[in-house]
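Grab a viewer and work through the exercises below. Each one sets a task and then walks through a solution.

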Amino acid sequence: MSRRSLGVAAMVVLSVVAGVAIPAAAANTDVAIESVDLSVDQPAPGESFTLTTTIANLESSAGPVEVTDIYVRESGSGRDLARIEDVGSIASGDTRAIPLTMSIDEPGEKKLVVNAVVRDADGDFQSVSYPLYVDVQEPDEAVISFAGLDSVAGEESRVDVTVSNGDDGPLSNVRLELTGAADVENPERVSASIASGTQTTHTFAATFDEPGSRTLTATLTYKTDEGVTRTVTRNVTADVEAATLDPQLTATGTTANGSSVVRATLSEFGNVELRDVQLRAVVDGETVTRTRLADVPAGESRTATLDGSAIPPGEVTVIAEYTAAGETATSETTLSYAPAPTRGVTVTGVDASRSGGVVTISGDAANVGSLDASSVVMRVVAAEGVTPVSPNKEYFVGAVDSSEFATFQLTANVSASVTEVPVRIEYTVDGERLSRVVELDVSDAAPSGGGQGSGGSGGSLLLGALVVLLAVGLGAALTIAYRRYRG
């Protein structure tokens, strides 16, 4: 049977009994308890609730009565649970509702008897009784559950506490506090409301000082949909392990994206997480470069690289500094460092010419590294105002030995406002495929054959002028000779 159903059953019993009155001895004094109402259908053990008794001085009474006592007894025990005295008078034909605050410590269905004692005008005392059933139950509107209780002594752990609302209405003014054998950061959380059938989870940061079985206590205070403020508590035991710190640091010289680096790996074989990790490369007692490393959970590893260009050849000590179980600790390892051979292909000797909207770029792919490069490919990268076009969208250079170069030629449709063309260089060194993009300047690209065209046109005009002049001169000379002949 549900809580609300039990409450309704209790009220039905009260309604049936309400008409039963124990008549006073004197025929002219008629008093009855009309009803007894509870402020809470099912009070919780130890929870204060209000019991309101309505007493009627019937019209058949000769005059007013004084209510001297109202007390509540548990049936069969004879002990008083609550009492109020000198309540006041009730005129003939009137009723009076008298509230009485009480609590019941033990859970279960309780049979109570509400007694009222009155005194009439003659000074005679009369009493009336009213049976009442009260179902005392542990509150079940809110349920508290825990998660994340795997903890290590001295290490901050995350404990999740979930509050679920199983009531028909919302819970309001919900206040949750976590205490116990741990140092809890921000131990109090507040929720304005938790809707019916939903839940809210709060995450607490808790640190246990010592290993073993340690108790946490969640105290929840809330107001029910009926306006009753309740407090429930739940204890949970956490099995806290002793901290075991077992880190291992390794380091080796290698390359990354064509550059020399020191790759360091920090592993934790214990049950403590390594936090706030910093890596340092130390040469002759001086830190030459450093970097940060992600936190290392228990049983896992994390890797980071130190800039090899900042580390001179020779013996290098790599130190990892971190926080474990609330304490600062370090691990270190030593290696003999030699910078890895450099790798790099760049562009030199760039020349650009324009024919209409097409720009032709010529130059050299130069291997400036100390290792041979193979499968060198140059290609134009499409960009705003730049479109790769045939015949040389890309150019396969092939192999370029260390400190050597090879020519290439690329073509692209380039807008007049564009001054740089992006070109991607791809090549393979020591089995690793590398790639980079360079911006090549084409702002001075001259029209192809433009100067020669202008010179040729000018030369043709000059030649034509000379021919005309020669023709005119020859004609004039012939005319003069003819006139002399005739003359």
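## Warm-up: the whole chain

**Exercise 1.** Work out what share of the protein counts as buried, then sketch its overall make-up.

*Solution.* Start with burial: 40% of the 487 residues count as buried. Keep in mind that this is a predicted model. Next, run through the secondary structure, and you get 2 helices and 32 strands. Then turn to the outside: about 25,200 Å² is exposed, with carbon and sulfur atoms supplying 48% of that area. Last, check the contacts. Among those with a separation of 6 or more, 62% are between residues 24 or more positions apart.

## Salt bridges

**Exercise 2.** Count the salt bridges, then look at a few of them, using 4 Å between N and O atoms as the cut-off.

*Solution.* The total comes to 14 salt bridges.

- Step one: take Arg214 and Glu210. Their closest N and O atoms are 3.3 Å apart, so the pair is within the 4 Å limit and forms a salt bridge.
- Step two: move to Glu273 and Arg275, where the closest N and O atoms sit 2.7 Å apart. Both Glu273 and Arg275 are buried.
- Step three: look for a network. Asp69, Arg73, Asp80 and Arg83 are linked in one by salt bridges.

**Exercise 3.** Explain why the pair Arg379 and Glu394 ties together parts that are apart in sequence.

*Solution.* First confirm the salt bridge: the closest N and O atoms of Arg379 and Glu394 are 2.8 Å apart. Now place the partners. Arg379 belongs to strand β26 (residues 373-380) and Glu394 to strand β28 (residues 394-400), so this pair ties together parts 15 residues apart in sequence. Finish with accessibility. Arg379 counts as partly exposed because its relative accessibility is 24%, and Glu394 is partly exposed too, at 44%.

## A charged patch

**Exercise 4.** Find which residues form a negative surface patch, and place Asp441 in the fold.

*Solution.* The patch is made by Glu420, Glu439, Asp441 and Asp444. Asp441 is part of strand β31 (residues 432-441). Is Asp441 buried or partly exposed? Its relative accessibility is 45%, so it counts as partly exposed. That value also clears the patch requirement of over 30%.

## Contacts across the sequence

**Exercise 5.** List what Asn173 touches once neighbours within four places in sequence are set aside.

*Solution.* Begin with location: Asn173 is in strand β11 (residues 171-180). Its contacts are then Ser191, Ala192, Thr221, Tyr222 and Lys223. Pick Ser191 for a distance check. Asn173 and Ser191 are 18 residues apart in sequence, and their C-alpha atoms are 6.3 Å apart.

## Backbone oddities

**Exercise 6.** Look at the backbone around Asp86, Asn186 and Pro391, and say what stands out in each case.

*Solution.* Recall the background first: most residues other than glycine have a negative phi, and most peptide bonds are trans.

- Asp86 is not a glycine, yet its phi is positive, near 50°. Asp86 sits in strand β4 (residues 80-90), and it is exposed because its relative accessible area is 66%.
- Asn186 also isn't a glycine, and its phi is positive at about 50°. Asn186 is in the loop between β12 (183-185) and β13 (188-194), and a relative accessible area of 47% makes it partly exposed.
- Ser390 and Pro391 are joined by a cis peptide bond with omega about 15°. Pro391 is in the loop between β27 (386-388) and β28.

Methods
Residues are numbered from 1 along each chain as its sequence is written. This is a predicted model: local features need pLDDT of at least 70, side-chain atom pairs count only at pLDDT 80 or more; totals for chains, interfaces and linings use all residues. Side-chain values use heavy atoms; hydrogens and water are left out. Patches are made of residues with over 30% relative accessible area and no salt bridge: like charges are joined within 9 Å, nonpolar side chains (Val, Leu, Ile, Met, Phe, Trp, Tyr) within 5 Å. Accessible areas come from the Shrake-Rupley method with a 1.4 Å probe; for residues, only the protein chains shown count as cover. A salt bridge is a side-chain nitrogen of Lys or Arg within 4 Å of a carboxyl oxygen of Asp or Glu. Lys and Arg count as positive and Asp and Glu as negative; His and the chain ends are not counted. The place of a charge is taken as NZ of Lys, CZ of Arg, CG of Asp or CD of Glu. Helices (H or I, at least four residues) and strands (E, at least two) are DSSP runs, numbered from the N terminus. Buried means under 20% relative accessible area, exposed over 50%, partly exposed in between (1.4 Å probe, protein chains only). Contact means heavy atoms within 4.5 Å.
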